[in-house]
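Me: Please take a close look at one part of this model, the nonpolar core and the helices and pockets around that topic. Keep it brisk.

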Amino acid sequence: KNAAATQEQLDAVRALFDTMGATAVFDEESMLNEVIPYAGSAPAYLYAYADAFVQSAKQHGIDEDDALTLICQTMIGSAKMLLRRDKTPAELIRAVCSPGGTTIEGMKVLEDRDLYGIVSEACDKCIKRAYELG
């Protein structure tokens, strides 16, 4: 929202955009660059994550199409759980990770390889490039 827009105009535009998806309103237009990695570029990051799962599944003898179906359905279900907002992402992770179980072993690898740092760096680079492009 900028100073030229009235609240009525903002509400009308938001109502229109809400028919096509989720919207967020920021106080400063410059925040659009900050949003790019989380909305504009995020699909590519999620596709890469899904592809990594598919490639791993293929190495374990799982059909590529079956693997893609499984990971897509898992991503959809996981997104629905996140959208409920009754638990944080960290709480959902803990709920899936049984102590001494299989998931916790995979999570240890993601933590050891600094998944959070990698994602943060990718987002930082994306935002930096958005500012460079003007």
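Reply: Five residues make up the largest nonpolar core: Ala50, Val54, Ala57, Ala67 and Ile71. The model is a predicted one. Two elements, α3 and α4, each give two or more residues to this core. The largest share comes from α3, with three residues. In soluble globular proteins, nonpolar side chains tend to be buried together.

Now follow α4. This helix covers residues 64-84, 21 residues in total. Its end C-alpha atoms are 30 Å apart. That agrees with expectation, because 21 residues at 1.5 Å a residue should span 30 Å, the expected span being 1.5 Å times one less than the number of residues.

Both ends of α4 have a local feature. At the start, aspartate 63 places a side-chain oxygen within 3.0 Å of the backbone nitrogen of aspartate 65. After the helix comes arginine 85, with a positive phi near 60 degrees.

The helix α4 also takes part in the largest pocket. That pocket holds about 2,300 Å³ of space. Its lining has 41 residues, and Leu46, Tyr49, Ser78, Leu82 and Leu115 are the closest to the centre. Six elements are listed as giving two or more residues to this lining: α2 (31-39), α3 (42-59), α4, α5 (89-96), α6 (102-112) and α7 (115-133). The most comes from α4, which gives ten residues. So α3 and α4 each give two or more residues to the core, and both are also on the list for the lining of the largest pocket.

What classes of residue form the lining of the largest pocket? There are 33 nonpolar residues, seven polar and one charged.

The second largest pocket has a volume of about 510 Å³. Its lining has 18 residues. Nearest its centre lie Lys1, Ala24, Val25, Phe26 and Leu32. Here the elements that give two or more residues are α1 (7-18) and α2. The largest share, five residues, is from α1. By class, this lining divides into eleven nonpolar, three polar and four charged residues.

One element links the two pockets. Helix α2 gives two or more residues to the lining of the largest pocket, and α2 does so for the second largest pocket as well.

To return to α4: this helix gives two or more residues to the largest nonpolar core, and ten residues to the lining of the largest pocket.

How values were computed. Residues are numbered from 1 along each chain as its sequence is written. This is a predicted model: local features need pLDDT of at least 70, side-chain atom pairs count only at pLDDT 80 or more; totals for chains, interfaces and linings use all residues. Side-chain values use heavy atoms; hydrogens and water are left out. Helices (H or I, at least four residues) and strands (E, at least two) are DSSP runs, numbered from the N terminus. A polar contact is a pair of N or O atoms within 3.5 Å; within protein, one must be able to donate a hydrogen and the other to accept it, and residues adjacent in sequence count only if both atoms are side-chain atoms. On a 1 Å grid over the protein atoms alone, a cavity is a set of points where a 1.4 Å probe fits but cannot get out, and a pocket is an open set with protein on both sides within 12 Å along at least five of seven lines; lining residues have an atom within 4 Å of a point. Grid points are joined across faces, edges and corners, and a volume is the space filled by probe spheres set on the points. Ala, Val, Leu, Ile, Met, Phe, Trp, Tyr, Cys and Pro count as nonpolar, Asp, Glu, Lys and Arg as charged, and the others, Gly among them, as polar. A nonpolar core is a set of buried Ala, Val, Leu, Ile, Met, Phe, Trp, Tyr and Cys residues joined through side-chain atoms within 4.5 Å. Buried means under 20% relative accessible area, exposed over 50%, partly exposed in between (1.4 Å probe, protein chains only).
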